[in-house]
Amino acid sequence: GRFLAQGSSEKKIVFTSFYDPDYGGSGITKVSESYWQRIWLQEGSSESKFDNCVFKYGGYGPGQSYSIALLIEGVNPEIKDCLFEKMGGTSVKLINSSSSIENCSFQGQSYGQTLLEIEGGSPTVKNSTFKTGSLALEIKESSASIENNAFEDFQYDFGTIFVESSYPSFQGNSFKNNKINGITLTGDLEKDWTIGPNQTFL
């Protein structure tokens, strides 16, 4: 069924650990015991929404699929005005999704993290901020639209955004204090792809 989490700017909906000291918990100690694993939306969860939500201390578990706090597969929820911070792994992964992510903040806490992963589909990510981590955004086999976002303080050796065999559009994004202020391209392209001006590709 649908997952509707619709808060407001004054009353956020919070997904966090039972041990989160900001919400009466005793404090985060061992990551393996204190973090929650994931929320997974699949077919049947159409028309889901996350609006004015806070996600903390999630995305930690056995295996790669459990190291994603919000996993969206084959459906297109709206994600708006949300904060993702202090995650154990990836904040959000979209698989074959055309979701809209707007006015969100992604804040990493380690240099081993990718904050947002996109695999397939044609999602839109706009007016959002990404700060601190190894890689801000990874795009595979997707025609995602990446518009008016800010990327700051990422330390991946080969760029801030990693694009593999994809046809994304980039417009109006800013890069600051990253190890490489650019977008890494790899893989194969099987059709025409138009690249806009004022962008750095590696």
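**Reading the labels of a predicted model**

Modeller: Cys 53 is buried, with a relative accessible area of 1%. This value comes from a predicted model.

Biologist: Why is Cys 53 called buried?

Modeller: The term buried applies under 20% relative accessible area. Cys 53 has 1%, so the label applies to this residue.

Biologist: How many disulfides does the model contain?

Modeller: The count comes to zero disulfides. Cys 53 takes part in no disulfide, and the nearest cysteine sulfur, that of Cys 82, is 4.3 Å away.

Biologist: Why is Cys 82 not bonded to Cys 53?

Modeller: A disulfide requires two cysteine sulfur atoms within 2.5 Å. The sulfur of Cys 82 is 4.3 Å from that of Cys 53, its closest cysteine sulfur, and therefore too far for a bond.

Biologist: Is Cys 82 buried or exposed?

Modeller: Cys 82 has a relative accessible area of 2%, and because buried means under 20%, Cys 82 is buried.

Biologist: What makes Glu 47 an exposed residue?

Modeller: The word exposed is kept for values over 50%. Glu 47 has a relative accessible area of 56%, so Glu 47 is exposed. This residue is found in the loop between β3 (39-41) and β4 (49-51).

Biologist: What is notable about phi of Glu 47?

Modeller: Phi of Glu 47 is near 65 degrees, which is a positive value in a residue other than glycine. Most residues other than glycine have a negative phi.

Biologist: Why is Asn 103 called partly exposed?

Modeller: Partly exposed describes what falls between under 20% and over 50%. Asn 103 has a relative accessible area of 32%, and therefore Asn 103 receives that label. Asn 103 lies in the loop between β10 (100-102) and β11 (105-107). Phi of Asn 103 is also positive, near 55 degrees, in a residue other than glycine.

Biologist: What makes strand β15 mostly covered?

Modeller: Strand β15 comprises residues 135-140, and five of its six residues are buried.

Biologist: How do you know that β12 and β15 pair?

Modeller: Pairing requires at least two bridges between two strands. Five bridges join β12 (residues 114-119) to β15, so the two strands pair, and they run parallel. Within this pair, Thr 114 stands opposite Leu 135 in β15.

Biologist: How many bridges join β15 to β18?

Modeller: Four bridges join β15 to β18 (residues 161-164). Pairing calls for at least two, so these strands pair as well, and they run parallel. Here Glu 138 has Phe 162 in β18 as its bridge partner.

Notes
Residues are numbered from 1 along each chain as its sequence is written. This is a predicted model: local features need pLDDT of at least 70, side-chain atom pairs count only at pLDDT 80 or more; totals for chains, interfaces and linings use all residues. Side-chain values use heavy atoms; hydrogens and water are left out. Buried means under 20% relative accessible area, exposed over 50%, partly exposed in between (1.4 Å probe, protein chains only).
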